[in-house]
Amino acid sequence: MTKKEIEQILIREIGIILGGVQVSEDVQLHELGLDSMGFVELLVFIEKKFDLKLVDAGLDRDHFRTVRVLANSISEKLC
Amino acid sequence: MRTKSLCYLSGIDWICYTLDHLSKEATGCGNISQAILCLDRPLDIDKIKKCLLSFIRLFPVVNGKCARALNLAPYWSYLENASEDIPVLSETATSDEEAVAFLHACVNQPFANEREHLRFAHVIVGAHAYASLIFDHRLLDARGAQNFLQLFHQFYCGTFTLSEPFRLERPSGLSLWKEKFQAGQRVNRRFLELSHNAQVRYLPIPKELKGRKFCFRTVTFNRVQSDSITELAYDMAGYLMMAPYFLAASTLAFQDVFGKRLSKGDSFVIPVNTDIRSRNPGLQELFFNHLSFFFMRFASDDIKPLRGFIKQVSRLMYDAMSGGFAQDLAKASLLFRVVPRVFLDTVHRSLMRFRGLSFSFSYVNKGYDALEFCGAQVTAVIHTPRVAIDPGVGIFFTQFNGCISLTFAFLEDILSEEEANLFMDRVQTVLLEKFKQ
């Protein structure tokens, strides 16, 4: 799966979590209004969709800054 | 002609009904809460009263009462076309302290009868004012109350109308028993796990509770402080941010201030409220309770250092949320709605399984988001809820326009005024302090 495809999947899911908000690759996730519950939803989605275990993977705020950065992190873990 | 309508209560509504009943039995006043809007100028109260009456007529559900159907499921019964007014309390205070005391008294005043569930209050202090909605937690939850105020503001401004009469529709929830039973099993297992060898630390509840009121301490952080708290939360709690940070800071301050007074034990058990509304909640999710709970248990020894504790809270919160405990509890609670009210206390206690809870916790961040209310600028949004008698203490956070508000609610005499002030000082310090590893 390419980074672009991962980005599109994340954009779609975050849009759903936020109730139809337009999401772009470089917007800060917390500025979109993604709260604790929203982040957990996103994390659970990523774990299921990409078969990854992220909660213990040492990811910090920088990995969740934007869709693009998050897609990069996922892509690296998938390799 | 008046038509009677009914709307079945959810399992969580029934838990709130239970808590209301227990609170009334113990103190004489139910599970009442209040959403306060701090305003930069007074409202036109005559216009508000007139407008409020027209607005309430759109939602006769607010004058309903609880009853039980032949299938034993509890329901909310109300008359369509009802035109009962809601009381509007208007006051002029000479200082903010006097205004706040008036508002705190409002939430400790029982409703006049079984069909009254809302009151509106307006207090003028010089050039500014407070507007509040005092609400029965059986009718609205905290976010619902904020949304209700927002809808009223839109109605006042002429931007909200209903094209057809509003009717609440909800199924009885008396199907899919196996699924609910399995959810109940998971909830039960989790409670057993949480209560295993748990010696919970809590503030002893006074023996005689009749007539005891709830007291509140509130603070609203300014934009700079709120940004600083957000940055610290983001830094220390990572992507889970605010809720774990607030909970960890509150627990640390709670232990620091009340440590010597708490019951002997090794754990803190904290019920955490979580919103379970759909992603785009409409009017059907305005009324009643669309929240659930999960319970977190921490060893007292794990609370310091804070950075490590925040990581633990984040992990536990992730497990609780991703494990679906709150959803399971909402499903499972549909099962015990059929229990007669006389057994409510027993059911509540057996559900909890704990000897005492440390404090209640919630964080509401998707409530009122208009910058104005009926012609005045909103400067802050604060909640003052009466807490369930067990634990009798609650710590609540809310956020409006980038500013964080904190409320510490406690049963009269469970702690002293000095202790309450100490706690507020400590929690503010912890929230704003940059802790090194």
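Helices (H or I, at least four residues) and strands (E, at least two) are DSSP runs, numbered from the N terminus. The exercises below use these elements. Residues are numbered from 1 along each chain as its sequence is written, while chains are lettered from A and ligands numbered from 1 in the order in which they are written. This is a predicted model, in which local features need pLDDT of at least 70, side-chain atom pairs count only at pLDDT 80 or more, and totals for chains, interfaces and linings use all residues.

**Exercise 1. Place B:Lys304 in chain B and state its exposure.**

Step 1. B:Lys304 lies in the loop between β10 (291-299) and α8 of chain B.

Step 2. A residue is buried if 20 or more other C-beta atoms lie within 10 Å of its own, exposed if 12 or fewer, and partly exposed in between, with C-beta atoms placed from the backbone. B:Lys304 has 13 C-beta neighbours inside 10 Å and therefore counts as partly exposed.

Step 3. From B:Lys304 to B:Ala131 the separation is 173 residues in sequence and 40 Å in space, C-alpha to C-alpha.

**Exercise 2. Describe the fold of chain A.**

Step 1. Chain A has three helices and zero strands, and its pattern along the sequence is α-α-α.

Step 2. The radius of gyration is taken over C-alpha atoms, and the globule rule is 2.2 Å times the number of residues to the power 0.38. For chain A the radius of gyration is 11 Å, close to the 12 Å that the rule gives for 79 residues, so chain A is as compact as a globular protein of that length.

Step 3. The C-alpha trace of chain A spans about 30 × 25 × 20 Å along its principal axes. Of the 79 residues of chain A, 33% count as buried.

Step 4. Two residues are in contact if their C-beta atoms, placed from the backbone, lie within 7 Å. Among contacts in chain A with a separation of 6 or more, 58% join residues 24 or more positions apart.

**Exercise 3. Characterise the side of chain B that touches chain A.**

Step 1. The contact involves 18 residues of chain B and 17 residues of chain A.

Step 2. On the chain B side, α6 (223-237), α7 (242-258) and α8 (306-322) each give two or more residues. The largest share, five residues, comes from α8(B).

Step 3. Ala, Val, Leu, Ile, Met, Phe, Trp, Tyr, Cys and Pro count as nonpolar, Asp, Glu, Lys and Arg as charged, and the others, Gly among them, as polar. By these classes, the side of chain B that touches chain A has ten nonpolar, five polar and three charged residues.

**Exercise 4. Work out how the two domains of chain B meet.**

Step 1. Chain B is divided into domain 1 (4-156) and domain 2 (177-432); the bounds come from an automatic or database domain assignment. Their centres, taken over C-alpha atoms, are 22 Å apart.

Step 2. In this interface, 53 residues of domain 1 of chain B are in contact with 48 residues of domain 2 of chain B. The largest share of the domain 1 side, 13 residues, comes from α1(B).

Step 3. The domain 1 side has 30 nonpolar, 17 polar and six charged residues.

**Exercise 5. Trace the strand partners of β15(B).**

Step 1. Two strands pair if DSSP finds at least two bridges between them. β15(B) pairs in the antiparallel sense with β8 (residues 214-220) of chain B over seven bridges, and with β14 (residues 393-400) of chain B, also antiparallel, over eight bridges.

Step 2. B:Phe408 in β15(B) stands opposite B:Arg217 and opposite B:Ile395.

Step 3. The hairpin of β14(B) and β15(B) has two residues between the strands, and B:Asn401 takes a positive phi near 50° there.

Step 4. β15 (residues 403-411) of chain B is mostly covered, with eight of its nine residues buried.

**Exercise 6. Lay out the six-stranded sheet of chain B.**

Step 1. The sheet is open, with the order β5-β6-β7-β2-β13-β12 and mixed pairing.

Step 2. β5 (88-93) and β12 (372-373) of chain B stand at the edges, each with a single partner strand, so one side of each is left without a neighbour in the sheet.

Step 3. Inside this order, β2(B) and β7(B) pair in the antiparallel sense over eight bridges, and B:Gln34 stands opposite B:Ile134 in β7(B).
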